[in-house]
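Trainee: I would like to go through this model term by term and ask what each label rests on.
Mentor: Go ahead.

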Amino acid sequence: MKTEVPIQRKIRRSKRQRKLAKRRVKKRAKKRVKEEGVSPLVEKYWLQRYDLFSKYDEGVKLDEEGWFSVTPEEIAVRHAERSGGGVVVDCFAGVGGNSIQFAKMCYHVVAIDIDPQKVEMALSNAKVYGLEDYVDFIVGDFIQLAPSLKADAVFLSPPWGGPSYKATKNFTLDLLKPKDGYSLFQIAQTITPNIIMFLPRNVDLLQVEELSWLSSPPLCVEIEKNYVNSYLKGITAYFGDAAFGKMELS
């Protein structure tokens, strides 16, 4: 009994200290948020900034939409590892999170976005990582450009409709922008059957599987859940040779 009492006290102090430490971290973070003038709309994502870009403090640029639409870096690395190392088209590049990781591992990247400001930020962010020479940044509409594109793999992460996608219990492919997921997938297939598609965590998985057998010929498909810090962030579907590690870089 004499030895148990101090051990219990030590455990209680340890829990209390952990709580106090968390409070101090949150307090410092809130203070920095205020100092940097971070919008309340993106504060949640700003607190995760190093999960989005490990080199954030070296000059990474994001607009409001970029904060909640960019792929977390850990997941973007995973996508790049599965891309095969050839030429990759990033169809909705945004501020460049995926394009940067593809550029690290692939022969060349074609990064497309319809928003000139996002393309400018993506180029700037690629320079932060020293990879701007491995990416062609194009301001344009992927849907219109697709017939002129050739690549070994296509990466599709079309807009999910903003943070409000989380309120949908079953996210169907028709909710994707600027066209439904079926149409975008068919357009991507005109370039290559090797497609990597990053989708919301609440996406209708039956519809995702349906994309494979609606193809002619039917494509292999592999569905992967993507976690960051134990939190489910999204779903990645690999089609064609991108499925089951056929193109994975060692």
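Mentor: The chain has 10 helices and seven strands; these are DSSP runs numbered from the N terminus, H or I over at least four residues for a helix and E over at least two for a strand. The model is predicted, so local features need pLDDT of at least 70 and side-chain atom pairs pLDDT 80 or more, while totals for chains, interfaces and linings use all residues. Residues are numbered from 1 along each chain as its sequence is written, and side-chain values use heavy atoms, without hydrogens or water.

Trainee: Why does arginine 49 count as buried or exposed?
Mentor: Buried means under 20% relative accessible area, exposed over 50%, and partly exposed in between, with a 1.4 Å probe and protein chains only. Arginine 49 has 9% relative accessibility, so the residue counts as buried. Arginine 49 is part of helix 3, residues 49–52. The C-alpha atoms of arginine 49 and glutamate 73 are 9.8 Å apart, with their positions 24 residues apart along the chain.

Trainee: What share of the chain counts as buried?
Mentor: Of the 250 residues, 46%. The exposed surface of the chain is about 13,700 Å², and carbon and sulfur atoms supply 53% of it; the areas come from the Shrake-Rupley method with a 1.4 Å probe, and for residues only the protein chains shown count as cover.

Trainee: What makes a set of residues a nonpolar core, and which members touch the most others?
Mentor: The set holds buried Ala, Val, Leu, Ile, Met, Phe, Trp, Tyr and Cys residues joined through side-chain atoms within 4.5 Å. The largest such core has 71 residues, and Phe53, Phe142, Leu156, Met197 and Phe239 touch the most other members. In soluble globular proteins, nonpolar side chains tend to be buried together.

Trainee: What is phenylalanine 53 in contact with, beyond its neighbours in sequence?
Mentor: Contact means heavy atoms within 4.5 Å. Leaving aside residues within four places in sequence, the partners of phenylalanine 53 include Val60, Leu62, Val70, Glu73, Ile100 and Tyr129. For the chain, 63% of the contacts with a separation of 6 or more are between residues 24 or more positions apart.

Trainee: How do you know that the length of helix 7 agrees with its residue count?
Mentor: The expected span is 1.5 Å times one less than the number of residues. Helix 7 has 13 residues (116–128) and should span 18 Å; its end C-alpha atoms are 19 Å apart, which agrees. Buried residues of helix 7 include Val119, Met121, Ala122 and Asn125. The buried residues of helix 7 pack against helix 4, helix 6, strand 2 and strand 3.

Trainee: What caps the N-terminal end of helix 7?
Mentor: Aspartate 115, with a side-chain oxygen 2.9 Å from the backbone nitrogen of glutamine 117. A polar contact is a pair of N or O atoms within 3.5 Å; within protein, one must be able to donate a hydrogen and the other to accept it, and residues adjacent in sequence count only if both atoms are side-chain atoms. At the start of helix 10, a side-chain oxygen of aspartate 204 comes to within 3.0 Å of the backbone nitrogen of leucine 206.

Trainee: Which residues of helix 10 are buried, and why are they said to share a side?
Mentor: Within helix 10 (205–214), Gln207, Val208, Leu211 and Ser212 are buried. They cover an arc of only 160° around the axis, which puts them on the same side of helix 10; the arc is taken from the directions from the helix axis to the C-beta atoms. Leu206 and Trp213, on the other side of helix 10, are exposed. The buried residues of helix 10 pack against helix 9, strand 5, strand 6 and strand 7.

Trainee: Why does glutamate 222 count as buried or exposed, and what joins its side chain to arginine 82?
Mentor: Glutamate 222 has a relative accessible area of 17%, so this residue is buried. Glutamate 222 lies in strand 6, and a polar contact of 2.4 Å joins its side chain to that of arginine 82.

Trainee: Where are the backbone exceptions?
Mentor: Most residues other than glycine have a negative phi, and most peptide bonds are trans. Asparagine 229 is not a glycine, yet has a positive phi of about 55°; serine 230, also not a glycine, has one of about 70°. Serine 230 sits in the loop between strand 6 and strand 7, and its relative accessible area of 70% makes serine 230 exposed. The peptide bond between lysine 177 and proline 178 is cis, with omega about -5°. The bond from serine 216 to proline 217 is cis too, with omega near 0°.
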